Amino acid sequence: MNSIGKPINRVDGREKVTGKAKYAAEFNLPGLTYGVVVSGGITKGRITGIDTSAAMLPGVIKIFTHENRPRTARLDLSYKDQDAPPGSPFRPLHGDRILYNGQPVALVVAETFEIARYAASLVKVSYEEEPHETDLLSNLPAARKPESGLMNVFKPMPPKPWGNSKEAYLNAPVKMEAEYVHGPQHHNPMEMFSSTVDYHRNGKLTIYDKTQGATNSHLYVTQAFNLPMKKVRVVSPYVGGAFGSGLRPQYQLFMAVMAALDLKRPVRVSLTRQQMWSFGHRPQTVQTVRLGASPDGTLTAIEHEAIAETSQFEDYTETVVNWTGKLYASDNVTLSYKLKSLDLFTPLDMRAPGGVTGMHAIESAIDELSYKLGMDPVELRLKNYTETDPTEKKPFSSKELRECFRQGAERFGWADRPLQPRSMQRGREWVGWGMATGIWDAAQVPARAEAVLTVNGKLRVSSATADIGTGTYTIMTQIAADTLGMPVEDVIFRLGDTEMPLAPIQGGSWTASTVGSAVKKVCEELGKTLFGMARKMPESPFARARFEEVRFVDGQMQLTSDPSVAVALREIVARNGGRAVRETATSLPNVLEHYKYARNVHAAAFVEVTVDEELGVVKVTRAVSAVAAGKILNPKTARSQIIGAMVWGISSALQEDSKMDHRFGRFMNHNLAEYHIPVCADVPDMDVIFVEETDTVVNPLGAKGVGEVGLVAMPAAIANAIYHAIGKRIHDLPIHLDKVLLASLETV
């Protein structure tokens with residue numbers, strides 16, 4: 001059928017646009033009750049009293065606090081989830097201690113949502129406050145090395161230094177040094193977090209959860225409440241955006257399960273938009289980059305240091321500086337990463353975690369060095385291009401970054417760019433062109449899938465993965481259809497249910513590689529089973545054939561040497577006693593082969609901005625991203641992923657900023673009116689190029705994830721374009737108009 005590589009429309013599109021798709025808060029159950037969370041009002045200290053008397057209105061069923069919390073939860077133990085960093089996870093209603101501002105301190109459950117919400121406003125909490133610390137910039141000297149743990153396998157610490165970067169930097173003929181400060185940012189998907197828990201008479205729970213991994217929520221609940229795995233089912237067929245916020249189970253899941261077990265009734269707990277600021281976020285990070293170079297542009301020294309915030313109870317880490325070591329060859333490199341524990345909730349993976357932060361710093365620094373050298377920024381990158389990963393001393397499984405530079409520059413018109421900053425004007429606005437490199441991991445982890453060929457000739461494939469809007473439903477359908485040679489219309493892919501075969505959380509741009517490989521494998525296994533059945537059919541033309549001699553085309557099994565010798569797959573199933581034919585398979589990464597190579601996806605972003613110096617307004621007017629990501633399974637959904645990432649790059653560079661008032665330890669702009677994100681007027685036409693790349697190592701599909709690589713280069717490219725426009729560097733993100741106005745006041 002050859003559907004892979006074609007821009008097929010989303011197979012789930014109709015359900016989404018017609019409203020048929022159900023999200024976690026839309027599963028209505030008989031006898032459903034409603035829970036509303038009461039958020040704490042201080043940042044550090046203890047609860048001295050909770051007065052619920054005024055809140056016990058008619059219709060209120062129960063108000064849960066740390067004082068009357070049911071003992072169903074194992075809060076005396078630490079329990080982990082698939083994305084938990086080292087430390088002790090936050091445990092809602094564990095005790096009277098307040099660990100961060102906005103911490104849940106009570107849950108009001110009522111017969112209607114309106115009663116629960118009003119009653120929650122009547123709960124009175126008194127506190128004994130203690131001094132808190134939420135300011136990273138005031139505590140940089142106290143930063144320390146992160147605690148080691150399981151997650152360091154996926155988020156490794158920086159490699160050991162090589163050479164002598166300090167001496168090489170001091171002796172370098174050309175130097176640059178700068179500090180980069182990235183403010184905190186919060187995920188704000190359209191769908192807010194909600195859990196609907198159905199309590200069955202036999203004690204079994206069916207949980208409809210907003211999550212990036214039904215299996216992770218399942219793991220969390222069974223551990224936290226000491227429940228048998230078979231007693232809990234988690235369902236999450238649709239997710240209205242997540243961007244990393246759904247990788248870890250959020251506290252509404254715990255509170256909904258707790259209430260349902262105690263009341264023995266269905267319970268739904270939904271968070272408000274304001275409460276979306278009361279858990280993980282992209283951490284504030286301070287970075288210092290020092291580069292030394294010879295006059296011809298050869299990098300002789302690289303130093304990249306990062307200090308990030310974390311909570312008092314977990315060591316959340318990110319690969320901020322590691323990318324620098326992967327991209328640029330130098331004999332003297334030091335990469336350093338430290339944490340400072342503050343009175344905040346643990347930060348959380350946010351699209352391209354660490355990458356979007358670290359790449360802004362190094363790619364801005366490389367750009368600044370290019371001006372000191374009088375070199376074109378692309379030329380400097382090519383001068384220090386490496387075909388091997390310096391941090392691992394391994395070749396890349398594939399790397400078409402040179403082509404990303406060439407094709408992106410050609411499409412953008414980079415050759416016409418004047419080297420001199422502040423040399424292009426359009427009316428009253430200065431015009432600047434900037435570019436940057438992008439890199440992300442190309443990972444694969446174990447996953448399982450099931451394939452069933454029904455008696456009516458339909459192929460049903462399933463795996464307990466998620467689709468947070470990336471197009472998972474569609475590309476898995478395409479993979480299955482191609483593997484068994486069936487029309488896409490005859491294939492149904494299902495996901496988001498823990499009764500399906502095990503799959504990991506959807507994150508890290510690994511789902512296409514991971515679950516896609518499982519889907520391909522299980523369909524291959526099903527094909528072998530069908531072949532075995534076909535050989536046993538009366539007077540079968542396949543009786544003496546080998547599996548390698550057949551192919552699956554147009555819903556048939558054919559002899560490759562003679563396509564006229566064929567049998568319909570439906571006919572094979574019909575001879576199975578009226579029963580469907582099914583297979584389950586596990587896909588594992590080829591560890592021995594993977595160990596030999598560094599596996600990454602690469603990109604280059606080119607951006608044009610206009611800057612009105614009198615008003616400080618910056619607009620992105622053109623953008624091109626060239627991406628090398630192996631085989632592109634669906635150009636339409638892949639392009640959509642890159643476009644979305646580029647828009648987020650504009651958001652990250654120019655708008656998003658969670659403003660903390662350190663006097664109160666509270667994020668103050670916790671709403672979408674004051675937490676700015678791009679609207680249509682902020683987004684120009686985006687151009688995406690998929691550079692041809694063949695990779696036989698990364699996975700059986702040869703595909704790499706594209707969810708995050710489109711974002712990591714954009715903020716630096718925008719910052720570099722702003723410099724080219726006005727001739728002044730602004731190192732801190734986001735670049736709001738006040739920073740532009742301040743830079744404009746300085747002498748050019």
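1. Let's start with Glu450, which stands opposite Ser462 in strand 20. This is a predicted model, so please read every value below in that light. Strand 20 covers residues 459–462, and four bridges join it to strand 19 in an antiparallel pairing. The two strands make a hairpin with five residues between them, and in that hairpin Gly457 takes a positive phi near 80°.

2. Strand 19 has another partner worth a look. Seven bridges tie strand 19 to strand 25 (residues 581–587), and this pair also runs antiparallel. To find the register on your screen, look for Leu453, which stands opposite Val581 in strand 25. Is strand 19 mostly covered or mostly open? Strand 19 (residues 447–453) is mostly covered, with six of its seven residues buried.

3. Next, a small sheet. Three strands form an open sheet in the order 4-2-6, with antiparallel pairing. Strand 4 (97–98) and strand 6 (124–129) are at the edges with a single partner strand each, so one side of each has no neighbour in the sheet. Strand 2 (residues 45–51) is joined to strand 6 by six bridges. Within that antiparallel pair, Gly45 stands opposite Glu129 in strand 6.

4. You may enjoy the second largest pocket, which holds about 560 Å³ of space. Its lining counts 24 residues, and those nearest the centre are Glu15, Tyr238, Tyr473, Ile492 and Phe493. Which elements give two or more residues to this lining? They are helix 1 (13–18), strand 10 (232–235), helix 10 (472–483) and strand 21 (491–494). Strand 21 gives the most, with four residues. By class, the lining of this second largest pocket is made up of eleven nonpolar, three polar and ten charged residues.

5. Val235 belongs to strand 10. Is Val235 buried or exposed? Its relative accessibility is 11%, below the 20% cut-off, so Val235 counts as buried. Beyond its neighbours within four places in sequence, Val235 is in contact with Thr206, Ile207, Tyr208, Asp209, Gly496 and Asp497. As a distance check for your viewer, the C-alpha atoms of Val235 and Leu271 are separated by 18 Å, and the two residues are 36 residues apart along the chain.

6. Asn188 sits in the loop between strand 7 (174–182) and strand 8 (194–199). Despite that loop position, Asn188 counts as buried because its relative accessibility is 14%. What does the side chain of Asn188 make a polar contact with? The partner is the side chain of Arg273, at 3.0 Å. A polar atom of the Asn188 side chain also lies 3.4 Å from the backbone oxygen of His186. Setting aside residues up to four places away in sequence, Asn188 touches Phe243, Arg273, Trp277, Leu672 and Tyr675.

7. Another buried loop residue is Asp315, with a relative accessible area of 6%. Asp315 lies between strand 13 (299–310) and helix 6 (322–327). Not counting residues up to four places away in sequence, Asp315 touches Pro85, Pro86, Arg144, Pro146, Glu147, Thr310, Leu339 and Ser341. If you want a second distance to check, Asp315 and Asp441 are 22 Å apart in space, C-alpha to C-alpha, and 126 residues apart in sequence.

8. Two residues have backbone angles you may want to inspect. Asn226 is not a glycine, yet has a positive phi of about 55°. The loop that holds Asn226 runs between helix 4 (214–224) and strand 10. With a relative accessible area of 53%, Asn226 is exposed. Arg422, also a residue other than glycine, has a positive phi near 60°. Arg422 lies in the loop between helix 9 (401–412) and strand 17 (425–426), and Arg422 is partly exposed at a relative accessible area of 25%.

9. Last, a peptide bond to look at. Which residues does a cis peptide bond join? They are Leu733 and Pro734, with omega about 0°. Pro734 is found in the loop between helix 16 (714–726) and helix 17 (737–745).

Terms used: Residues numbered from 1 in each chain as written. Predicted model: local features only at pLDDT ≥ 70, side-chain atom pairs only at ≥ 80, totals over all residues. Heavy atoms only, no water. Buried < 20%, exposed > 50% of the residue type's maximum accessible area, 1.4 Å probe, protein only. Pairing = 2+ DSSP bridges. 1 Å grid on protein atoms, 1.4 Å probe; cavity = no way out; pocket = protein on both sides within 12 Å on 5 of 7 lines; lining within 4 Å. Points joined across faces, edges and corners; volume = space filled by probe spheres on them. Nonpolar A, V, L, I, M, F, W, Y, C, P; charged D, E, K, R; others polar. Polar contact = N/O pair within 3.5 Å; in protein donor to acceptor, adjacent residues only side chain to side chain. Contact = heavy atoms within 4.5 Å.
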